[in-house]
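Open your viewer, set it to cartoon, and follow along one stop at a time.

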Amino acid sequence: MARLIRTEKEVEGRYTEQWVVVEGDDAIDQWPRGPGAVVGRPATRLDGHQRARGQAIYTADVQLPGLVHAAVLRSPFARARVNKLDLSRALELPGVVGAIGPDDCHVLQTEPGYHGAPVAAVAADSFARAREALALVEVEWEELEALLDPEEAVRQGSVHEEARRYERGDVDGGFAEADVVVEAEYRTQTVLHNSMETHQSVVRWEGDTLEVYISTQYIWGVRDAIARTLELPPDRVRVICKYMGGGFGSKNNPGDYTYIGIALAGRTGRPVRCALTRREENLATGNRNATIQRLRAGARSDGTLVALDGEYVNAVGWAGWSGPTYGPVEMLYACDNVRTLTHGAKLNLPPNAAFRAPGFVEGTFGLECLLDELAARLELDPLELRRRNHADHDLADGRPFSSKNLLECYRRADAHWARRDEVRARSEGPVRRGTGLASQIWYGGGGPPSYAWVRVGSDGRATVITAMQDIGTGSRTAMAQIAAEELGLPLDRVRVELGDSARGPYASISAGSSTTPSMGPAVRAAAADAGRQIVEIAAQRYHVEERVLSLQDGHVVNADGGSWPLEEVTGLLEDAQILGKGARGPNPTGMRVLTFGVQVADVAVDVETGEVKVERLAAIHDVGRVINPLGARSQVEGGIIQGVGHTLSEERLVDPQTGRVLTQTLDAYKLPTIADVPEMVVELLDIPDDHLTNLGSKGLGEPPIVPTAAAIVNAIRDATGADVRSLPVTREEMLRALAEARERERLAAAPA
Amino acid sequence: MQLLRPESLASATASLGNGSKALAGGTELVPLLRSRLVEAETLVDVRAVVPRGVDGTRIGAGTTLAELEVDPQIPQALREACALAASPQLRSMGTIGGNLLQATRCWYWRLKYPCYLHGGSLCHARQGAHREHAIFGNERCASAHPSDPAAALLALGAAVRTDRRELPVADLYRLPTDDDRDVVALEPGELILELEVPQPEASTYLKAMDRERFSFALVGVAAARSGDETRLALSGVAPIPWLLGSPDELDRATPLPGTAYKVDLARPLLRRALAAVT
Amino acid sequence: MLELRVNGALLEVPEPPVGRTLAETLRDDLGLTGTKIACAEGHCGACTVQLDGVPVLSCITLVHSVGDAEVTTIEGLRDHPLVDAFVRADALQCGFCTPGQIVSAAALVAADPEPTRERVRHALAGNLCRCGAYPRIEEAVLTWRD
């Protein structure tokens, strides 16, 4: 029977209430803790060979008959008015089949508010020709004064929403009773996602249906957004994404480019590819926005936090959202008196977009560095300070956690933390070594709705069908493992068909670390439904009771020791098939579902040249049950490496006069290379969350990037005594902080 | 656009000049053509006529950086400079001759701001974002020269032989002036054929960059010693590779607010480079 | 027509304009879409192919300057043991950079079948991976013959 449930849904820290329908019986007991036959054991990627051999077809590789290519004219100014736009000369160029301006497509702008805002677009028989035609579009620009300074924007009231205010307890009272108060301002930079496959889509009308091939993290979100905008019945938009080349939060919606493609397809009657260049990618597809964080912490001499106060300015840009930079201060520690004030500055800079744990990466950097400054003042071990302030329930709303094993993470961190004397002792000459740590808190519980089907054929093989996407995290493989475990099948007898809204049920967004915790329970429920039917069939065929039968190792097994190969049972069906259906049930009522962890970094700092090397990073995270230890380790390592880039080398720079983006290319914007990677130790607790779904799994895409910057910067302080409070830690920032530390020492040593 | 593939030096030099461009590894020219920073009607593929390979102290200008980074015959500073330059693929493609002629990575210049180097009146970097920019010779244009091998060759006292003359590497470069914004002193159509690289007693190249590999120098330091004489040269600090008479000359640097750190960064590198060659 | 030697075959493409790159020709004219274009200006390595065994960036190689060099793309390396090694070591996530990684790695192990960790890092520093599969890539190349 279909059950209608009112439940709370969380994506990237934003909660909404919604109705969901749960079909069938999702009340399946979790598997026992520890590895099963397939789940919890390392599995190589189902699609690994396809991808490695270059056979996987990404959106970038989709070829369609008659395909034409769009190029987008973007504002060269941070703020401007288009007084005149003439497409006629562009349209005259041979090979050009269509051109559009702001009157033809709602995403094209007459008053662009950032460098890179789309203004017009051309379609031609080749991308090169379309680019050529762009040069023939005649535009009369009127450059307007740009607002670039986030603090100035807040002063002027140029903000995205009302300032967010939060307070619990008595903060002023807390500071009054504190034995020690520390205060500092932290800054984080703007960081660009730079997925290897740029944002792009190919659109085509097939009869009354709009087909959209798109590199996306959310097939259904794209379908629904386009349908809403075009006022089409949703199923007349078909969204396809079989393989995609990275998103990291930036590919959650159709994007301007898809609407441009749709408008040009309507205009030309041809399929249209609108693919961004790398330079456009770094202008107009979002970013992790810069932040300014003024933080204050008060503690008693035993380390008990008695007050936390944070004022945040999120430099959101022209559009986007003011993210939860305040989250860690409000949620990470057991502090009764907490106050935050958060502004989202509206600026003439490119819009932000979710980027792997948005807000929490930035906020954790500030809070966890401040905590180490506090530990130094208190002469308390930084790990001990964190233990003493462990929160055993959610102080923001009084709810219990569905599961929390952060103290166990700390216990495991001891071994890495205990190395720090030995690490420091390895300092030699100008190279000083040190160790730092930081805690992690983030969401990752997923939620309904999400659906899956499992089809078992007469050959005893199963196919999981759901219109989800695998954005490179290995979700395809994890879903196959879950179905295989439930059906007692070896992994090589399970396929996964995904990536097409016309060929499978609704599936979750792959953002907010939600794919496994959202989709996994639905897949398990669907496999269980199919398995139940197989057992029913076997019971009737072999005249035994259902309760003595189970599915194991490709067989239907009788408790008395007898067994039948699965294909013998399903073979009875000939062309008939067993179809199982499954839905994701709700999250536990009245509980907070969160992920936790700690990272310990060892660094080497050359105090003469300011060179910082991250030599080792141990990551210990509590993300519930681990489905695929092999893929999970890769996710954690990848998150840490993005964190290392965020900490040391990545920064979007804009011209301070004009607000134009300067780091558009990958020589100027410095992603980590293989040579920048530290030794990494990954430990996942693998303790299922007893309260969360039939799996007990949380997501782990985002947790590993959350504490990395703070752990590294705390290690730098340990190694050198220098206070780095601004990211990235370039040579100039490191040399500045070292000089400041030397000056402080000199003053301290000088007679008063 | 057309592409010529001359078989003889005479026909190659006859085809050059008049706005045509010599193409060898293409790592610089092709991206510049594609981003329209360089326009050319004619490309002249000079690979058949420019010598390639190392013979004692002579290096063919068509030798790739990848070949040089592992060649035991050439001085260590040049080997190290090649090994730390660019990426493996770019080193496999790019020639030493072309490397010497590469343009600055100044983002204003690359993004076609009408800057001094492009013939305008203003250096946008001086008022703008300039952490990668110059601390010497930066009064009119604050761009930084990106070549690692050029600094090594400068310290080594190398010379280039072109199709019409021989000149020291030091004379290959000139600061841009109001009359001529070019940083290279070659005549139109002049083609570098060979390098003459004296063998020092000791040499080294040290490079500070934003990541471990595949990044242009914030500061690169080359040192080469022959007998009592040690020559020092820097990359990434001026619109051209910069010869430094002594480490003390750093005191005469004219950094911008955002490049002052490069002076502090150059000091220990110079000290280390000197220690390595003595 | 322009003749190209690709993965052991002599192929013809309609005479392209001077300025067209090898990457564009491979992908758009020959349908060899295993070679990816991620930056199109020589900064990321996704488009890496071999010319006579040497890894180069096809996005900034003019197709007219290839001449009679043998072009090896990922399609020519599909049975290379590195492919299995990459899958085994989980050396890919989204996979968009992976063909370029394997083409670079294949040139490395051909020259040095037992490369050190340092050499792997030096030889693959021109292949960016935003997912951060680097430690697994390193492992795959170090264990390619297992």
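Begin by selecting Gln2(B) and looking across to β3(B), where Thr42(B) stands opposite. A word on what you are looking at: this is a predicted model, in which local features need pLDDT of at least 70, side-chain atom pairs count only at pLDDT 80 or more, and totals for chains, interfaces and linings use all residues. Residues are numbered from 1 along each chain as its sequence is written, while chains are lettered from A and ligands numbered from 1 in the order in which they are written.

**Stop 1: the sheet in chain B**

Now select β1(B) and β3 (residues 42–45) of chain B; these strands run parallel and are joined by 3 bridges. Strands here are DSSP runs of E, at least two residues, and helices are runs of H or I, at least four residues, numbered from the N terminus; two strands pair if DSSP finds at least two bridges between them. Add β2(B) to see an open sheet of 3 strands, in the order β1-β3-β2, with parallel pairing. At its edges are β1 (2–4) and β2 (21–23) of chain B, each of which pairs on one side only. On average, neighbouring strands of this sheet are turned by 30 degrees against each other, direction ignored.

**Stop 2: the sheet in chain A**

Move to chain A and colour β17-β25-β26-β27, an open sheet of 4 strands with mixed pairing, in that order. Because β17 (431–442) and β27 (679–684) of chain A are edge strands with a single partner strand each, one side of each has no neighbour in the sheet. From one strand to the next, the twist averages 15 degrees. Zoom in on β17(A) and β25 (residues 595–606) of chain A, an antiparallel pair with 12 bridges. Select Ile441(A) as well: opposite this residue, in β25(A), stands Phe596(A).

Next, show α12 (residues 406–417) of chain A. This helix lies across β17, β25, β26 (611–622) and β27 of chain A, at about 20 degrees to β25(A). Such angles run from 0 to 180 degrees between N-to-C directions, with axes fitted to C-alpha atoms, for helices over the stretch in contact.

**Stop 3: where the chains touch**

Which chain A residues meet chain C? Here 42 residues of chain A are in contact with 41 residues of chain C (C-beta atoms, placed from the backbone, within 7 Å). On the chain A side, α17(A) gives the largest share, 7 residues.

Finally, turn to the contact between chains C and B, which takes 19 residues from chain C and 20 residues from chain B. Select β4 (residues 54–57) of chain C, the source of the largest share of the chain C side, 4 residues.

Definitions and conventions: Contact = placed C-beta atoms within 7 Å.
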